[in-house]
Amino acid sequence: MKKLFMILCALGMILCITAQNSRKDIQKNLRLSGGSFLAYPGPSTHKQTSAPKGKKPFYISHFGRHGSRYPTKTDDFEYVIKTLKESDEEHALTPLGKDVLQRVIRMEQEAHLRAGELTSLGATQQQEIAERMMRRFPQVFEGNVTIEAKSTTSIRSILSMANLLLKLQAMNPKLTVKLDASQHDMGYLRHNDKLLSTQSLDEKNVGLYNAFVDAHSPWERVVGQLYADTAYLNQHVDGKKLNSYLFRLASVLQDMDLRKKMTLYDLFTDEELYENWRKDNVFWYLGFGFAPTNGGKMPFAQRFLLRNIIEQADSCLKLDHPSATLRFGHDTALLPLVCLMGINGYDLQTSDLDKMEHSGWADYKIIPMAANLQLVFYRNGCHDQDILVKVLLNENEATLPLKTDVAPFYHWQDFRDFYLQSINAYDEGCEPEDEEDD
C-alpha cells in the first residue's frame with residue numbers, strides 16, 4: 001500500500017510539472033500565446049538522426065500550411081477601432097486607451113485591402129523552409145528531377161507554394177517544377193465533411209467550450225486600464241469581447257511588418273496571455289481533435305488527404321528518382337491530419353480539458369504559421385524493398401503510434417498498412433455523404 005501511495009504521488013507530481021509547461025513556455029516566449037498565429041519559429045533542433053547503414057533519402061511527401069498572413073476578416077480591426085473611437089469621443093479613454101487606438105489604426109493601415117493575404121514574413125518563412133529542406137536532404141533534389149506541387153485556391157497558399165518553389169529552383173536551376181491550384185484538388189486538400197462538422201457542433205461539445213471560455217476570460221484589468229470612465233465602460237462596452245479582439249490583434253501583430261515597431265503584448269500580464277491562449281487551444285481540440293464530445297471522429301475528415309499522401313507515395317516510390325510531392329493548405333487540415341496520424345500523441349481522447357493540457361496538447365506546437373509535415377523516404381538503391389520513412393512535424397523528428405525497430409524511422413509497409421486499415425475501416429462504417437468543397 002505504501003509503495004502504491006508513493007507511485008500515485010509521483011504520478012501526481014509529473015502531471016503538475018507537465019501542466020506548467022505551456023504556462024512556462026508562454027512566460028519565456030509571449031508569442032507562443034498566439035497559437036495558430038505564431039510566426040513560424042523554425043525547427044527546435046537542426047540535428048538529424050542518421051539513417052540505418054546504406055539508406056539514403058530519395059523522396060519527400062509534404063503538406064504545409066501557408067506562411068504568416070494578415071487577419072482574414074477586417075472586423076478584427078474595425079470592431080476595436082469603432083469601440084475605442086466612440087469611447088474617445090465621450091472622453092472615456094485613458095492615455096493608454098488613446099495610444100492603443102492609434103496602434104490598431106496603424107495595423108489596419110498596413111493590412112488595408114489585404115485580408116487573409118500572405119505577409120512578407122510569410123514569404124520568407126517558406127523560402128527558409130525550402131532552403132533547409134534542400135540542405136538537409138540534398139539527394140532528393142539532385143539533378144534534373146521533377147517536383148509536383150498542389151495548392152488550395154487560396155491566394156496565400158498559392159503564394160506560399162510559389163515562394164518555396166522559387167527558392168528550390170534558385171538553389172538548383174535544373175529542377176523541373178509542376179504546380180497547380182485548382183478546385184480539382186480541393187476534395188483532399190480542403191475537404192468539407194458535413195457529417196463530422198455537424199457532430200462537432202453538438203450541443204454538449206459547444207456547451208463544454210462555452211463553459212470553458214466563461215471560466216477563462218480575464219478581461220477586467222486588461223480593458224479597465226484603457227478606460228478613465230468606468231461607468232461608460234460598464235454601460236456601453238462589451239469588455240469580454242474587446243479583450244478577445246485585442247488578444248487576437250496582439251497575436252497576429254507578430255506576422256506583420258509592424259511587429260518590428262510596436263506590440264500589444266504590453267496590455268496583458270503573462271497569466272492573462274496564458275488564459276487567453278487556453279481558450280484557443282481548447283477550441284482547436286474540441287473542434288478538430290479526437291474529443292469524445294465532438295463525436296470522437298473529427299480527424300477522419302482528413303482521411304482523403306492521408307489517402308492521397310499514401311497513394312501518391314506508392315506511385316512515386318516506383319520511380320528511380322521521384323524527388324518531392326508538395327501540398328499547400330491550411331491549419332484546419334493540418335491539425336486534424338496530425339491528430340489522425342497520432343503524431344507525438346496528438347490522437348489524445350479526453351473530456352477533461354485540463355488533462356488535455358497536462359498531456360502536452362498545444363496548438364502552437366502543431367499549427368504555427370507555415371507549419372508543415374514532411375515524410376522523408378529512405379532506401380538503399382532502386383531495388384530496395386524495405387523502404388523507411390521518417391516523419392518531421394515543423395521540421396522536428398516526430399513519433400507515430402507504430403512499432404519500429406529503427407526509430408525515429410518506420411518501415412513504409414507498416415506505415416501504409418496501419419493507416420490504410422484505419423481510414424478504410426472508418427469509410428466502411430460511416431454513412432456516405434455528398435462532397436462539398438470550400
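## A quick tour: a helix, two cysteines and a pocket

Start by selecting residues 270-288: this is helix α12, 19 residues that reach 27 Å from the first C-alpha to the last, close to the 27 Å expected at 1.5 Å a residue. Keep in mind as you click around that this is a predicted model. Now turn on the surroundings of α12. Of its 19 residues, 15 are buried, so the helix is largely enclosed by the rest of the structure.

Next, the cysteines. Select C316 and show its side chain. Is C316 buried or exposed? Its relative accessible area is 11%, which makes C316 buried. Now look for a partner: the closest cysteine sulfur belongs to C382 and sits 13 Å from the sulfur of C316, too far for a bond. Hop over to C382 and you get the matching view, with the sulfur of C316 as the nearest one, 13 Å away, and no disulfide. C382 counts as partly exposed, at 41% relative accessibility. With a cut-off of 2.5 Å between sulfurs, the disulfide count comes to 0.

Last stop: the second largest pocket, with a volume of about 480 Å³. To find it, select S44, Y364, K365, N394 and N396, the lining residues that lie nearest its centre. Then widen the selection, since there are 21 residues in the lining. Which elements supply at least two residues each? Colour α16 (363-366) and β8 (396-397), and you have them. If you colour the lining by class instead, you should get 11 nonpolar, 8 polar and 2 charged residues.

Conventions: Residues are numbered from 1 along each chain as its sequence is written. This is a predicted model: local features need pLDDT of at least 70, side-chain atom pairs count only at pLDDT 80 or more; totals for chains, interfaces and linings use all residues. Side-chain values use heavy atoms; hydrogens and water are left out. Helices (H or I, at least four residues) and strands (E, at least two) are DSSP runs, numbered from the N terminus. The expected span of a helix is 1.5 Å times one less than its number of residues. Buried means under 20% relative accessible area, exposed over 50%, partly exposed in between (1.4 Å probe, protein chains only). On a 1 Å grid over the protein atoms alone, a cavity is a set of points where a 1.4 Å probe fits but cannot get out, and a pocket is an open set with protein on both sides within 12 Å along at least five of seven lines; lining residues have an atom within 4 Å of a point. Grid points are joined across faces, edges and corners, and a volume is the space filled by probe spheres set on the points. Ala, Val, Leu, Ile, Met, Phe, Trp, Tyr, Cys and Pro count as nonpolar, Asp, Glu, Lys and Arg as charged, and the others, Gly among them, as polar.
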